[in-house]
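Biologist: Please take a close look at the inside of this model for me. I would like to know how its packing is described, and how single residues are placed with respect to it.

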Amino acid sequence: MAKVTIPIGPQHPALKEPACFTITLSGEQITEVDMRLGYNHRGVEKACEERTYLQDIYLLERVCGICSHAHSSAFVQAVEEIAALEVPKRGLYIRTIIGELERIHSHLLWLGVAGHEIGFDTLLMYSWRDREVVMELLARISGNRVNYAMNTFGGVRRDLTPDLCAEILAAVDILEERTKYYIGVVMEEVTLIQRLSGVGYLSHEDAVARGAVGPTGRASEIASDTRKDDPYAAYPYLDFHTVTDNHCDVYGRALVRVGELMQTYKILRQLVQELPDGPIVVKAPRKIPAGEALSRYEAPRGEDVYYVKANGTDKPERVKVRAPTLANLASVAKMMENNYLADVPIILAAIDPCFSCTDRMIETLNMDSRAGRLTDFRQLRQFSINWYKKRGLDFTALNKKLILKQDS
Amino acid sequence: MKKPGKMLSEVLKSLFKKPATLRYPYIKEKMPKNFRGLINFIQEKCIGCKICMRDCPANVINIIKIADKKFEAEFKNDQCLFCAQCVESCPRDTLEVTPEYELATLDRSSLKVRYHAKPDAETKTEPQVEIK
């Protein structure tokens, strides 16, 4: 059968964000997938180097809209490690409470999106309605529904009152009951099971070889969870278990996520009931001593990795962000192989992709040959100078002035 | 035996429930206490330390000295992230969060607010739009 190559993206109704998938089809079956990212490059890492540490918290919080607390926590943890700050236990507990509430809202969002991608919009409507419970709770605790701005160096910015603790427990009761209902839906609704079973198969060996993280990896029986493997914040004091599944397909990923929700309620109850007294924050210096640190955080989508290098000033020398989607994208190509074209949206949605969080580099491609080209910083600079010269802007005089200033 | 239509009873029950959404422009949701909305500047309290200016991640705030121990503030609210770090950084409680969230406008310049020094016999200064 003749092979047909079709592009999905950069702009496509099935995609929520721009990314380009070049899919080779044999009939309706996918034989080969090639993907290209880089449409969402925002230069966050470079922007971090030009802002102070405190400003970077709010910048990095905006790397992702859904797991904003995960990104800021991972960054704050790395800086706290460099500055050797001892965060009070109450601060750690509150940070973990927000992180777990965020996990609830992310997983419920995913459940709705997955339902939407397979045409089961009833599930979308109801799971998003129930998600409002946790969104409103987060607004009451932190002052906003997304981008909670709770983290600061040495602890958290806002304390929990006994009233809020009671509200969290009440909300957890409601959500637990609703999640039990959704578990019933996922386990019993025959249309959902038949639509998702066997779709996007990723064997355990492939998942290990391609470094799948988070619920994607756990659905292929990789029992890796940063909260267990490398406990941070309040997780060393908590009792919970890692949810894994042996279905290895999209159905398994749905089961892992709803199963994780039940664990999250268990964690939240422990956190609120054992919330220690004391201060929530210690004073952090504005200038962070020289040093480097790597921080890992289990975001709702998987492991989030931050590398921070400090040089003794109030601005970081280097911040590196590895969002969980990047680790899972390698698996997507494998998942799509031998599946039908119509399964592309749900396979992609099953890793809960976030391309804006992932984009850390752009590649220049030659329009004719589609060949990639590496450009070093000097060439890039020359290119920009020529680009401006063509448009009548000459920086030669300004450059000379700058060099003279640097020399003197 | 597993049958399709697991959510059917839930859907039918919803027919007799109130809608989960609000009729927004007519009915507005009350914001929670400590909601991080528009930032208000209380001009009399400002000592001009400019810590808010330094900490603001979006360069929204500009504190201008107009006379001895008298400071005015210029807010570019179209750039504001509403993180309220300035409120926390301020040593004199000059800045406060308000529950105001309906800031959509067709004219971007209307979001540039200058808090003038002479209030109209009120404790709180009323923001006045600087027309250029």
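Modeller: Chain A is divided into two domains, domain 1 covering 44–329 and domain 2 covering 378–407. Between their C-alpha centres there is a distance of 44 Å. Keep in mind that this is a predicted model.

The inside is best begun with its packing. In soluble globular proteins, nonpolar side chains tend to be buried together. In this model the largest nonpolar core has 118 residues, and the members that touch the most others are A:Phe21, A:Phe75 and A:Met336. Helix α4 of chain A, residues 89–117, gives this core its largest share, 13 residues. A second core, separate from that one, has 19 residues, including B:Phe41, B:Cys52, B:Ile61 and B:Tyr115.

A:Phe75 can be followed further. Setting aside residues up to four places away in sequence, A:Phe75 touches A:Tyr53, A:Asp56, A:Ile57 and A:Leu60, among others. The list for A:Phe75 also includes A:Phe153, A:Tyr306, A:Val308 and A:Val319.

Next come the empty spaces. Rolling a probe the size of a water molecule over the atoms shows where empty space is left. Over the whole structure, a search for cavities of 30 Å³ or more finds four. The largest cavity has a volume of about 90 Å³. Its lining is made of 14 residues, and those nearest its centre are B:Cys56, B:Val60, B:Cys80, B:Cys83 and B:Cys86. Sorted by class, 13 of the lining residues are nonpolar and one is polar, while none is charged.

Since the residues named nearest the centre of that cavity belong to chain B, a few words on that chain follow. Chain B holds three helices and six strands, and their order along the sequence is α-β-α-β-β-α-β-β-β. Of its 132 residues, 34% count as buried. Among contacts in chain B with a separation of 6 or more, 63% are between residues 24 or more positions apart.

Two residues of the loop between β1 and α2 of chain B give examples away from the buried state. B:Lys50 lies in this loop, which runs between β1 (39–41) and α2 (51–55). B:Lys50 has a positive phi of about 65°, although it is not a glycine. Its relative accessible area is 37%, so B:Lys50 is partly exposed. B:Glu44 lies in the loop between β1 and α2 as well. With a relative accessible area of 44%, B:Glu44 is partly exposed. The C-alpha atoms of B:Glu44 and B:Gly5 are separated by 64 Å, with their positions 39 residues apart along the chain.

Back in chain A, several residues show what buried means in numbers. A:Cys165 is found in helix α6, residues 162–188. A:Cys165 counts as buried because its relative accessible area, 12%, is under 20%. Apart from neighbours within four places in sequence, A:Cys165 is in contact with A:Leu160, A:Val272 and A:Leu275. A:Glu117 is 48 residues from A:Cys165 in sequence, and their C-alpha atoms are 36 Å apart in space.

A:Thr216 sits in helix α9 of chain A, residues 214–218. A:Thr216 has a relative accessible area of 0% and is therefore buried. Apart from neighbours within four places in sequence, A:Thr216 is in contact with A:Arg253, A:Asn328, A:Met335, A:Ala350 and A:Ile351. From A:Thr216 to A:Cys165 the C-alpha distance is 32 Å, and the two are 51 residues apart along the chain.

A loop residue can be buried too. A:Ala233 is placed in the loop between α10 (226–229) and α11 (250–273) of chain A. Its relative accessibility is 17%, so A:Ala233 counts as buried. A:Ala233 is not a glycine, yet its phi is positive, about 45°.

A:Gly43 is found in another loop of chain A, between β3 (29–36) and α1 (44–49). A:Gly43 has a relative accessible area of 22% and counts as partly exposed, because the limit for buried is under 20%. A:Gly43 and A:Arg360 are 317 residues apart in sequence, while their C-alpha atoms are 7.2 Å apart in space.

Definitions and conventions
Residues are numbered from 1 along each chain as its sequence is written. Chains are lettered from A and ligands numbered from 1 in the order in which they are written. This is a predicted model: local features need pLDDT of at least 70, side-chain atom pairs count only at pLDDT 80 or more; totals for chains, interfaces and linings use all residues. Side-chain values use heavy atoms; hydrogens and water are left out. Domain bounds come from an automatic or database domain assignment. On a 1 Å grid over the protein atoms alone, a cavity is a set of points where a 1.4 Å probe fits but cannot get out, and a pocket is an open set with protein on both sides within 12 Å along at least five of seven lines; lining residues have an atom within 4 Å of a point. Grid points are joined across faces, edges and corners, and a volume is the space filled by probe spheres set on the points. Ala, Val, Leu, Ile, Met, Phe, Trp, Tyr, Cys and Pro count as nonpolar, Asp, Glu, Lys and Arg as charged, and the others, Gly among them, as polar. A nonpolar core is a set of buried Ala, Val, Leu, Ile, Met, Phe, Trp, Tyr and Cys residues joined through side-chain atoms within 4.5 Å. Buried means under 20% relative accessible area, exposed over 50%, partly exposed in between (1.4 Å probe, protein chains only). Helices (H or I, at least four residues) and strands (E, at least two) are DSSP runs, numbered from the N terminus. Contact means heavy atoms within 4.5 Å.
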